[in-house]
Amino acid sequence: MRVGMLQETGRVVVQEAPRPRPAPDEVLIRVAYAGVCGSDLHAFTGTHPFRKPPVVLGHEVSGTIAEAGAEVTGLQVGDRVTVMPYVSCGRCHYCAQGRTNICENKIVPGIGGWQGTFADLFVARADITYPLGPDTSLVQGALAEPLAVGAHAVARGGVAPGNDVLVLGGGTIGLLTGYAALRAGARSVALTDLYDYNLRVAREIGIPHAYNARSEGLEDAIRRDYPEGLDIIFLAGAAPVLVGQATRLARRGGRIVSTALFDGPVPVDVVAMTLYELELVGTQIYQATDFFRALAWLNEDGPRLERLVDHVMPLEQAHEAMTLLAVRREDVVKILLQPENER
């Protein structure tokens, strides 16, 4: 079979690899679509904290079960599935609290010997492999993982009916966080991004207040629409300038939630945090409840969310896909790699 291997920083090579064999509690998935994530881009550019070459990239996936281990129940060959791509230890302090997403011994694709999803075939434990809903296509199923990130971020932010929400950064995670905030009942959701194309996608998935971050007077424009500030602000982009924007645009008693993977330490206006009693909250991937919520939303609203997918490229073009995201020579939000010709 073929895999998309990050051989060195800035170079992905599609090469042959041994066919994986599922353990008794695992399934072998024939990959239909593998999503290209911002964390893959961090690995490609050499800024990811732990995914280092050589490594098979990818952790977002949809596909069909090709083989099931002897101990697997509830799943069978031919099932259309996706995977919640991490395995927690079940023993540490955090797992005991139910916070499996911050398990100190967590294993994810690309580390611990677990091959990533840029491949023809992908192995996962059966207990983290979930069937897609009857109205969810395989393209839509590949969005389950990033949508779960948005669902968890919104839960960490405590978004509730009546809240005004701002998302700073309109990439895949920012857009899906904004969508999740709408599903949580936010009164209003606004979003900023550098690209008009991303702002257009935001409006198409139901986020009407979309501001171009390159515009002069950006903060003044947002304040005109939200004179008291916003209740919850999500940092969905990794530009340090966004942190200052968040502290200035949050209303008193507001909450700032960081989903972005910054390259290093970022200054924070602690005086503003103190004077206005702002909260700064981190959010890390998702838990199973977030993943189930994402699957339900996809089954209800998959065609709308599929609007994010603007590029489907063959696995052989994995390097070109990474370069497109890194250089952005054309409009792009979400790229899916397609090892097999199926939808």
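Me: What is the order of the strands in the open sheet of six strands?
Reply: In this predicted model, the six strands form an open sheet with parallel pairing. Strand 11 (209–212) and strand 14 (279–282) stand at the edges with a single partner strand each, so one side of each is left without a neighbour in the sheet. From one strand to the next the twist averages 20°, and the order of the strands is 11-10-9-12-13-14.

Me: Which residue of strand 12 stands opposite Val 165?
Reply: Strand 9, which covers residues 164–168, pairs with strand 12, which covers residues 230–235, in the parallel sense. Four bridges make up this pairing, and the residue of strand 12 that stands opposite Val 165 is Ile 232.

Me: Which strands does helix 7 touch where it packs on the sheet?
Reply: Helix 7 consists of residues 218–225, and its direction makes about 165° with that of strand 11. The strands that helix 7 touches as it packs on the sheet are strand 9, strand 10, strand 11 and strand 12.

Me: At what angle does helix 6 run to strand 11?
Reply: Helix 6, made up of residues 196–204, lies across strand 10 (188–193) and strand 11. Relative to strand 11, helix 6 runs at about 180°.

Me: Why are helix 4 and helix 5 described as oblique to each other?
Reply: The axes of helix 4 (residues 144–157) and helix 5 (residues 172–183) come within 8 Å of each other, and helix 4 passes helix 5 in a right-handed crossing. Angles of 65 to 115 degrees would count as roughly perpendicular and those under 35 degrees as roughly parallel. The two helices are therefore oblique to each other, with axes that cross at roughly 55°.

Me: How many nonpolar residues does the contact of helix 4 with helix 5 have?
Reply: From helix 4, the residues in contact include Pro 146, Leu 147, Val 149 and Val 154, and those they meet in helix 5 include Ile 173, Leu 176, Tyr 179 and Ala 180. By class, the contact has three polar residues and no charged residues, while the number of nonpolar residues is 11.

Me: Which residue in strand 2 is the bridge partner of Gly 4?
Reply: An open sheet of three strands has the order 2-1-4 with antiparallel pairing, and its edge strands, strand 2 (11–16) and strand 4 (55–56), each pair on one side only. Strand 1 (residues 2–8) and strand 2 run antiparallel and are joined by six bridges. In strand 2, the bridge partner of Gly 4 is Val 14.

Notes. Residues numbered from 1 in each chain as written. Predicted model: local features only at pLDDT ≥ 70, side-chain atom pairs only at ≥ 80, totals over all residues. Heavy atoms only, no water. Axes fitted to C-alpha atoms, helices over the stretch in contact; angles between N-to-C directions. Parallel < 35°, antiparallel > 145°, perpendicular 65-115°, else oblique. Left-handed = near helix turned anticlockwise from the far one by under 90°. Contact = heavy atoms within 4.5 Å. Nonpolar A, V, L, I, M, F, W, Y, C, P; charged D, E, K, R; others polar. Pairing = 2+ DSSP bridges.
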